[in-house]
Amino acid sequence: MEKLKSNLTNMVSVLTGISVICGGLLAFANNLTEAPIKAANDKALADGITAVMGGGDVKVEDPKGTEVKHTSKADGKEYTYIVYKTDKGNAVKATDPNAFGGNLTVLVGFNAQGDILGYTVLENNETPGLGAKCPDWFQEGNPGNIVGKNPGKNNMTVSKDGGEIDAITASTITSRAFLRAVKQAYYAAMDQEPDAETGATKQN
């Protein structure tokens with residue numbers, strides 16, 4: 001077999017062939033892993049909803065949830081919340097983009113009266129040892145406990161701002177972002193107009 005001459009045309013042809021083969025292999029691998037990844041994510045979400053709704057047998061009406069959007073009057077940006085209706089109340093996925101490390105996403109469960117049944121943090125880019133404590137800090141039995149409180153009745157701001165909640169030590173910015181997300185989740189869960197800083201509309 002004659003050896004290919006080392007020229008630009010041959011090198012481009014070889015590199016193109018390698019790229020096509022690699023692209024095909026990546027597409028094949030993606031197809032193999034896409035379904036298992038989706039199944040794992042769906043299970044994690046279902047488990048999260050069960051946990052924040054107090055555990056036990058929780059029936060979710062629509063696993064995809066319902067989008068609720070609002071445009072903040074504070075920064076003019078549009079934010080999206082996902083409401084998952086269950087037989088025990090509503091679980092809401094909410095994100096505050098102004099945490100110390102960027103986005104802070106929570107899933108919060110509310111009963112029909114708007115009392116918080118539980119929460120879990122889905123996205124957390126906060127500083128390890130400080131703001132990263134938010135998955136535990138606000139749980140029942142811990143210093144900033146919010147479980148059992150009602151954002152429509154309780155002052156869900158940090159004590160430094162005159163509220164009822166103890167902020168994470170040395171992480172006031174993270175604590176404020178967390179509580180803002182919880183408060184907006186409450187409005188979405190209760191299908192109410194949000195506070196003076198936002199205006200929410202349901203999206204079909």
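Contact, as used here, means heavy atoms within 4.5 Å. This is a predicted model, in which local features need pLDDT of at least 70 and side-chain atom pairs count only at pLDDT 80 or more, while totals for chains, interfaces and linings use all residues. Residues are numbered from 1 along each chain as its sequence is written, and side-chain values use heavy atoms, with hydrogens and water left out.

**Confidence**

The score pLDDT is the predictor's confidence in each residue, from 0 to 100. Its average over the protein chain is 82, and 80% of the residues score at least 70. Helix 3 has the highest mean of the elements, 92, and strand 6 (residues 198-202) the lowest, 41. Over residues 196-204 pLDDT stays under 50, although the model has 27 contacts there beyond four places in sequence. Where pLDDT is low, the predicted coordinates should not be read in detail.

**Overall layout**

Helices (H or I, at least four residues) and strands (E, at least two) are DSSP runs, numbered from the N terminus. The protein chain has three helices and six strands, in the sequence order α-β-β-β-β-β-α-α-β. A residue is called buried under 20% relative accessible area, exposed over 50% and partly exposed in between (1.4 Å probe, protein chains only). By that measure, 35% of the 204 residues in the protein chain are buried. Of the contacts with a separation of 6 or more, 47% are between residues 24 or more positions apart.

**Strand pairs**

Two strands pair if DSSP finds at least two bridges between them. Strand 2 pairs with strand 3 in the antiparallel sense over five bridges, and Tyr 84 has Ala 91 in strand 3 as its bridge partner. These two strands form a hairpin with two residues between them. Strand 4 and strand 5 also run antiparallel, joined by seven bridges. Leu 104 stands opposite Asn 124 in strand 5. The hairpin of strand 4 and strand 5 has five residues between the strands, and Gly 114 in the turn has a positive phi of about 95°.

**Nonpolar cores**

A nonpolar core is a set of buried Ala, Val, Leu, Ile, Met, Phe, Trp, Tyr and Cys residues joined through side-chain atoms within 4.5 Å. The largest one has 32 residues, of which Val 92, Val 108, Phe 110, Phe 138, Ile 146 and Phe 178 touch the most other members. Two or more residues come from each of strand 2 (78-86), strand 3 (89-99), strand 4 (102-110), strand 5 (116-124), helix 2 (134-137) and helix 3 (172-189). Helix 3 gives the most, 10 residues. Beyond its neighbours within four places in sequence, Val 92 is in contact with residues including Tyr 81, Val 106, Phe 110 and Ala 185. A second, separate core has eight residues, among them Met 53, Val 58, Ala 91 and Leu 107.

**Helix 3 and its partners**

Helix 3 has 18 residues and reaches 25 Å from first C-alpha to last, close to the expected 26 Å; the expected span is 1.5 Å times one less than the number of residues. Of its 18 residues, 14 are buried. The helix is followed by Asp 191, whose phi is positive, near 55°.

Leu 179 lies in helix 3, and Met 156 in the loop between helix 2 and helix 3. Not counting residues up to four places away in sequence, Leu 179 touches Ile 146, Met 156, Thr 157, Val 158 and Ile 165. With the same kind of exclusion, Met 156 is in contact with Ile 116, Ile 146, Lys 149, Pro 151, Ile 165, Leu 179 and Val 182. Two C-alpha distances describe this region.

| Pair | Separation in sequence | C-alpha to C-alpha distance |
|---|---|---|
| Met 156 and Ile 146 | 10 residues | 8.2 Å |
| Leu 179 and Met 156 | 23 residues | 6.4 Å |

Leu 179 counts as buried because its relative accessible area is 3%, and Met 156 is buried at 5%.

**A buried polar residue**

Asn 111 is in the loop between strand 4 and strand 5. Asn 111 counts as buried because its relative accessibility is 17%. A polar atom of the Asn 111 side chain lies 2.9 Å from the backbone nitrogen of Asp 115. Leaving out residues up to four places away in sequence, Asn 111 touches Lys 88, Gly 89, Leu 117 and Met 190.

How values were computed
A polar contact is a pair of N or O atoms within 3.5 Å; within protein, one must be able to donate a hydrogen and the other to accept it, and residues adjacent in sequence count only if both atoms are side-chain atoms.
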